[in-house]
Amino acid sequence: MQLLAQLSQQLQALDERSLIRRRRTVDTPCGPRVTVDGRELLAFCSNDYLGLANHPLIVEALREGASLYGAGSGASHLISGHARPHALLEDRLAGFVGAHLERPRALTFCTGYMANLAIISGLTAGDRDAEIFSESLNHASLIDGARLSRTRVHVYPHADLAAIEAMLKASNAATKLVVTDSVFSMDGDLAPLPELLALCEQYNAWLVVDDAHGFGTLGARGHGALEHFDLRSPYLVYMGTLGKAAGVGGAFVAAHETVIETLIQKARPYIFTTAAPPAMAHALLASLDLIDGAEGALRRAHLQALVAQLDDAATGLQLQRWQRLPSATAIQPILIGDNAETMRAGAALYEQGLWVGTIRPPTVAAGTARLRVTLSAGHSTMEVSQLSAAINALEKEWT
Ligand SMILES: *Cc1c(COP(=O)(O)O)cnc(C)c1O
């Protein structure tokens with residue numbers, strides 16, 4: 001059949017450029033050690049930054065939530081799917097980041113992808129007088145949100161404050177939306193949020209902050225990027241995900257109550273989808289208790305120690321040809337450049353029982369393929385030493 005032949009040809013073209021993606025099926029819970037095809041691996045690729053995905057208290061809360069509220073929500077939030085745990089979770093999340101907002105309110109979503117679609121389309125779709133200013137390294141979901149809204153988009157170069165200021169100055173739009181990741185997901189660096197917020201206030205623009213990798217890990221209490229930078233403003237629209245550091249799944253938006261009411265009334269990715277199982281919200285309440293408490297603080301401190309260990313002359317990374325990108329977060333990219341060499345490096349580590357993510361275009365720019373090491377509070381210093389030694393040896397062997 002002609003149609004299938006076309007698809008096969010396209011897949012083959014991807015394969016020839018080392019761009020085919022493969023899934024591996026994991027038989028054990030998410031954690032530093034997982035089993036794949038009967039082999040135990042030491043994994044450095046999940047976003048379970050605090051090691052909560054298999055935490056006994058959260059697993060127990062999920063079980064309890066299922067026995068109290070059943071398996072599914074049965075409907076969208078606006079029909080009959082909005083259950084008590086969803087309402088409790090929203091109140092709790094509004095309190096979590098509310099110190100940084102004016103008249104804070106939170107709204108939960110099934111995924112961060114959908115939350116981002118909802119924010120951007122909900123605040124700009126159908127508004128001919130709106131413009132979006134999007135950071136060049138933004139996550140795909142923010143890009144797709146702009147596409148869904150069909151609003152005009154200006155992309156500004158990574159962390160380039162002069163460029164974004166020039167764009168805001170030149171814009172006559174009544175509604176301006178500056179959109180950025182807080183922690184860049186493939187680079188691990190932080191956006192200059194205080195400076196961006198000052199520009200947004202000066203030019204009367206919303207600042208949409210995607211804190212997928214900051215929520216739970218940044219700030220003394222794990223409340224995320226707004227706490228880390230101590231930002232306060234009614235111009236902030238905050239998105240945090242709950243499937244990474246929080247260890248469960250879903251996401252939320254927190255902002256001024258009028259912003260949230262607008263999303264409830266207008267954001268199609270909020271309105272036209274079934275609410276997440278209430279048991280998940282119940283489990284997330286337990287996760288927030290951990291993040292906010294002494295255990296969360298200990299886990300964040302251990303994670304920071306592991307990040308610092310990568311700089312250690314004896315037990316960290318010592319690279320010459322490959323380049324460790326400057327990152328102070330759990331996301332630690334090692335730039336290799338070539339797709340095929342990156343895949344070979346990933347495969348060689350995997351052979352040794354070390355599972356590290358390999359990132360290629362289009363997720364990153366052409367010529368910047370990389371290993372993406374993610375650290376978790378669940379890792380030990382020994383495990384990080386083992387990974388560093390293996391990567392150091394591999395680079396030396398291939399140079
Ligand atoms: C993971 C991620 C998302 C999407 O969140 P999900 O809950 O996984 O859908 C959005 N933005 C960034 C920066 C992310 O890393």
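Helices (H or I, at least four residues) and strands (E, at least two) are runs assigned by DSSP and numbered from the N terminus. With strands named in this way, Thr-363 falls in the loop between β12 (354-359) and β13 (369-374). The model shown in every view is predicted.

**Figure 1. The open sheet of seven strands.** The strand order is β3-β9-β8-β7-β6-β4-β5, and the pairing is mixed. β3 (104-109) and β5 (152-156) are the edge strands; each has a single partner strand, so one side of each lacks a neighbour in the sheet. From one strand to the next, the twist averages 20 degrees. Within the sheet, β4 (residues 130-135) and β6 (residues 175-181) run parallel and are joined by five bridges. In this pair of strands, Phe-133 stands opposite Val-178 of β6.

**Figure 2. Helices α6 and α8 against the sheet of seven strands.** Helix α6 (residues 140-149) packs on the sheet and touches β4, β5, β6 and β7 (206-210). The direction of α6 makes about 155 degrees with that of β6. Helix α8 (residues 193-203) lies across β5, β6, β7 and β8 (236-241). The angle between α8 and β7 is about 155 degrees.

**Figure 3. Surroundings of Glu-131 in strand β4.** The relative accessibility of Glu-131 is 11%, so this residue counts as buried, the cut-off being under 20%. Not counting residues up to four places away in sequence, Glu-131 touches Thr-151, Arg-152, His-154, Ser-171, Ala-173, Thr-175, Lys-176 and Leu-177. With Ser-171, Glu-131 also makes a side-chain polar contact of 3.0 Å. Leu-177 lies 46 residues from Glu-131 in sequence, while the C-alpha atoms of the two are 6.4 Å apart in space.

**Figure 4. Residues annotated as "binding site" in UniProt.** The annotation comes from an unreviewed UniProt entry and covers Arg-21, His-139 and Thr-363. Of these residues, His-139 is included in the lining of the second largest pocket. Arg-21 is located in the loop between α1 (2-16) and β1 (33-36), and Thr-363 in the loop between β12 and β13.

**Figure 5. The contact between Arg-21 and Thr-363.** The side chains of these two residues are joined by a polar contact of 3.0 Å. When neighbours within four places in sequence are left aside, Arg-21 is in contact with Arg-360, Pro-361, Pro-362 and Thr-363. On the same basis, not counting residues up to four places away in sequence, Thr-363 touches Arg-21 and Met-186. Arg-21 has a relative accessibility of 55% and therefore counts as exposed. Thr-363, with a relative accessible area of 39%, is partly exposed.

**Figure 6. The peptide bond between Pro-361 and Pro-362.** Most peptide bonds are trans. The bond joining Pro-361 and Pro-362 is cis, with omega about 10 degrees. Pro-362 is found in the loop between β12 and β13, where Thr-363 also has its place. Pro-361 and Pro-362 are among the residues that Arg-21 contacts.

**Figure 7. The open sheet of six strands and helix α15.** The order of the strands is β1-β2-β12-β13-β11-β10, with mixed pairing. β1 and β10 (323-324) are the edge strands, and each pairs on one side only. Four bridges pair β1 with β2 (residues 39-44) in the antiparallel sense. Val-36 stands opposite Arg-39, a residue of β2. Helix α15 (residues 381-398) packs on this sheet, touching β1, β2, β11 (331-337), β12 and β13. The direction of α15 makes about 90 degrees with that of β2.

**Figure 8. Positive phi at Ala-159 and at Asn-204.** Most residues other than glycine have a negative phi. Ala-159 is not a glycine, yet its phi is positive, at about 60 degrees. Ala-159 lies in the loop between β5 and α7 (161-170) and is partly exposed, with a relative accessible area of 36%. Asn-204, also not a glycine, has a positive phi of about 60 degrees. Asn-204 has its place in the loop between α8 and β7. With a relative accessible area of 48%, Asn-204 is partly exposed.

Notes. Residues are numbered from 1 along each chain as its sequence is written. This is a predicted model: local features need pLDDT of at least 70, side-chain atom pairs count only at pLDDT 80 or more; totals for chains, interfaces and linings use all residues. Side-chain values use heavy atoms; hydrogens and water are left out. Two strands pair if DSSP finds at least two bridges between them. Axes are lines fitted to C-alpha atoms, for helices over the stretch in contact, and angles run from 0 to 180 degrees between N-to-C directions. Contact means heavy atoms within 4.5 Å. UniProt positions are given in the numbering used here, feature names are shortened, and annotations may be inferred rather than shown by experiment. On a 1 Å grid over the protein atoms alone, a cavity is a set of points where a 1.4 Å probe fits but cannot get out, and a pocket is an open set with protein on both sides within 12 Å along at least five of seven lines; lining residues have an atom within 4 Å of a point. Buried means under 20% relative accessible area, exposed over 50%, partly exposed in between (1.4 Å probe, protein chains only). A polar contact is a pair of N or O atoms within 3.5 Å; within protein, one must be able to donate a hydrogen and the other to accept it, and residues adjacent in sequence count only if both atoms are side-chain atoms.
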